[in-house]
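Biologist: I am new to this one and would love a close look at a single part. Could you walk me through it slowly?

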Amino acid sequence: MNAKRFDPLRTLTNNKTNWSIKVRLTRLWNSHNVQTGNFKGYNMIFLDDDSHIHAYAGMDFVGEIKETPKEGNIYAISNFNVADSKPNYSVVRNKKIIYFLKNTCMQLIKEDDEMILKHKFELVAFNSLKSRIRDTKYLTDVMGLLQKRYLMSSRNTAKGTKDILLIDITDGSEKVNVTVWDPLATILNEELNKISDKGNIIMVITSCKITEYEGVLQASTYSPSKFYINPDYDAVYPLRYRLLNSVTESSVSCETISATDCSIKKIGVYKLEDIIKLRNTDLEELEVICHVKVSNVDINSKWWYYSCDTCPTEVDENYKCDSCDLKIVSIPDKRFKVPMHVSDGSETIQVFLLDREVRRLISRSVDNFFGHDDKDLQYPTILKEIEGKSLTLTVSLNKENLLSGSTIYYASDVIEDIETSPNSPALEKTEQNYTLESNSGKYDGSDPSKSTPQSNLSSNKRLHPTDDEADDKNKKKSV
């Protein structure tokens, strides 16, 4: 049975309403009338496997549904309007916005789609925040290590006294003072009280307004703002890696910041010459960390492949998927498979980066390089630009490598190395993974498009067993 095809969010236009999308609801907050305070509808952020978009559902739709949509769920949504967005305290940088109609269908999909991330943020690096000061077009997502938390206090506003929570976050070199307003302040304060490891908290706070006071950057939350504590999100890992680099090399090697869960499995750091020495051993599988520099990207090899539309396995010439009981895929997906040579001074090996890893480096999908006719383009320049980059790779050694001596390796995780600051604070080695969101707050404006940010850290990590298992099969098939 062929899977239903959905429209990618990036293809939405204003000229029809019979769209059909499959998306994750990543954020939800209520819209209220400024004068009366009456509830007006839902603001939502939807994410597919490539991009996200703001959507607004007014009372015509809300009055017809029985249950409030839930953040984190996957939905199939059809029949809605698409319009040009009008940047005004927007929360996502998408030129389009979705408006629900009375007959819009929003159906819950019970099976989770592992190819759609849990979150997507448009993070702005601290050294770029000055360009966001007093920006009224877009709100800003920020991320940093929690450095200091102050006692709850109150502040007088035009609407009366409101409780606030002041916190300081840092990226290791700069600091941002964050003012969190109620009701988000109370929720955040309670959640922080539950965490015992106070020195190991990386936070993402979305939809902030940026200002500056006496040379110190200030961020203030708005109605669409959410907070996330140690989220399972790609951009968290480079920051944690940079902060951990103030610990000795031996400490880092014992507790890698690979996307692999380090609290469960410790992975050793190997030189490439040591990896080669593992050939023809009695091991069946092994994961190792190596610090390398990309010496060559093979532009003469095919850089993508056709995959099953259910899993990442490569389909054969008849579009059959071995992992899905030889299902015939009518319209296969396209995924990255980029061969390159990497070196660390001791040896050079060939490594393949698959879809998840390449998307982490370039923040694009294969479809970004194709036209509507699927005509293969020239080798993308951005892939060639990976040459010369310093990377931390998690290399998965399989039976072919360890038992048969295969010289083809696959990376199961990749992090682009970042220059470290000598003053970066050390993090504890243990890591808690909390993802917390605020309850829906009041929306301060009547314009449903009020909500968004910019990004230089956004990426596309996939940390899913289903992906990994399918990739493993694809690796064995390719060796």
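Biologist: Which residues have the most contacts inside the largest nonpolar core?

Modeller: Happy to help! A word on the basis comes before the core. This is a predicted model, in which local features need pLDDT of at least 70 and side-chain atom pairs count only at pLDDT 80 or more, while totals for chains, interfaces and linings use all residues. Residues are numbered from 1 along each chain as its sequence is written, and side-chain values use heavy atoms, with hydrogens and water left out.

Now to your question. Inside the largest nonpolar core, Trp303, Phe336, Val338, Val342, Ile362, Leu383 and Leu393 have the most contacts, and the core holds 36 residues. By nonpolar core I mean a set of buried Ala, Val, Leu, Ile, Met, Phe, Trp, Tyr and Cys residues joined through side-chain atoms within 4.5 Å. Buried means under 20% relative accessible area, exposed over 50%, and partly exposed in between (1.4 Å probe, protein chains only).

Several elements give two or more residues to this core, including helix H5 (272–277), strand E17 (333–343), helix H6 (355–362) and strand E19 (390–397). Helices (H or I, at least four residues) and strands (E, at least two) are DSSP runs, numbered from the N terminus. Strand E13 gives the most to this core, with five residues. Apart from this core lies another one, of 27 residues, with Val142, Ile167, Met203 and Ala219 among them.

Let us end with one more residue. Lys399 belongs to helix H8 (residues 399–402). With a relative accessible area of 45%, Lys399 is partly exposed. Lys399 and Arg279 sit 120 residues apart in sequence, yet their C-alpha atoms are 9.5 Å apart in space.
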